[in-house]
Amino acid sequence: MKTFQYTIQDELGIHARPAGLLVKEAKKFQSVITLEGNGKKAEAGKLLAIMGMGLKQGAEITITAEGSDEDAAIAAMEEFMKANL
């Protein structure tokens with residue numbers, strides 16, 4: 001299992017567009033990728049679950065990848081977060 005923490009930088013937080021892109025990125029991997037923050041947890045492949053977390057600018061989240069390609073998955077998620085959120 002690989003994890004990293006990230007603070008949301010986007011002034012709108014995780015809204016529909018970046019959440020959709022996040023789901024698309026997460027589905028490229030076999031590993032189970034989860035986001036945890038705001039006292040909630042969601043699988044990265046589920047758009048409505050991510051939206052329901054209500055993650056705003058400044059929110060601290062922990063991203064976890066567990067599975068056969070977890071190294072590549074966590075690296076891709078970290079890169080995605082820094083580029084988009």
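**Salt bridges and overall fold of a predicted protein chain**

The structure holds three salt bridges, a salt bridge being a side-chain nitrogen of Lys or Arg within 4 Å of a carboxyl oxygen of Asp or Glu. The model is predicted, and local features need pLDDT of at least 70, side-chain atom pairs count only at pLDDT 80 or more, and totals for chains, interfaces and linings use all residues. Residues are numbered from 1 along each chain as its sequence is written, and side-chain values use heavy atoms, with hydrogens and water left out.

The protein chain contains three helices and four strands. Helices (H or I, at least four residues) and strands (E, at least two) are DSSP runs, numbered from the N terminus. Along the sequence these elements follow the pattern β-α-β-β-α-β-α. The radius of gyration of the protein chain is 11 Å, close to the 12 Å that the globule rule gives for 85 residues, so the chain is as compact as a globular protein of that length. Here the radius of gyration is taken over C-alpha atoms, and the globule rule is 2.2 Å times the number of residues to the power 0.38. The C-alpha trace spans about 35 × 25 × 20 Å along its principal axes.

Of the 85 residues in the protein chain, 41% are buried. Buried means under 20% relative accessible area, exposed means over 50%, and partly exposed lies in between (1.4 Å probe, protein chains only). The accessible surface of the chain comes to about 4,800 Å², and 48% of this surface belongs to carbon and sulfur atoms. Accessible areas come from the Shrake-Rupley method with a 1.4 Å probe; for residues, only the protein chains shown count as cover. Among contacts between residues at least 6 apart in sequence, 70% join residues at least 24 apart, where contact means heavy atoms within 4.5 Å.

The protein chain carries 10 positive and 12 negative charges, and the mean positions of the two sets are 7 Å apart. Lys and Arg count as positive and Asp and Glu as negative, while His and the chain ends are not counted. The place of a charge is taken as NZ of Lys, CZ of Arg, CG of Asp or CD of Glu.

One of the salt bridges joins the side chains of K2 and D71, with an N to O distance of 3.4 Å. This pair links distant parts of the chain, since K2 is in strand β1 and D71 is in helix α3 (residues 70-84), 69 residues apart. K2 counts as partly exposed, at 35% relative accessibility. Strand β1 (residues 2-7) also holds T3. T3 is partly exposed, with a relative accessible area of 48%. Apart from neighbours within four places in sequence, the residues in contact with T3 are T62, I63, T64 and I74. T3 and F29 are 26 residues apart along the chain, and their C-alpha atoms are separated by 15 Å.

A further salt bridge is formed within helix α3, where K82 and E78 lie four residues apart, about one turn of the helix. The side chains of K82 and E78 meet at 3.2 Å, N to O. K82 counts as exposed at 58% relative accessibility, whereas E78 counts as partly exposed at 30%.

Another salt bridge brings together the side chains of E25 and K28, at 3.1 Å from N to O. E25 is located in helix α1 (residues 16-26). With a relative accessible area of 17%, E25 is buried, whereas K28 counts as exposed at 58% relative accessibility. Leaving aside neighbours within four places in sequence, E25 is in contact with A76, M77 and F80. The C-alpha atoms of E25 and A75 are 11 Å apart in space, while the two residues are 50 apart in sequence.

Two loop residues complete the description. N38 is placed in the loop between β2 (32-37) and β3 (40-43). Although N38 is not a glycine, it has a positive phi of about 60°. G54 lies in the loop between α2 (47-51) and β4 (60-66), and G54 counts as partly exposed at 32% relative accessibility. The C-alpha atoms of G54 and A19 are separated by 11 Å, with their positions 35 residues apart along the chain.
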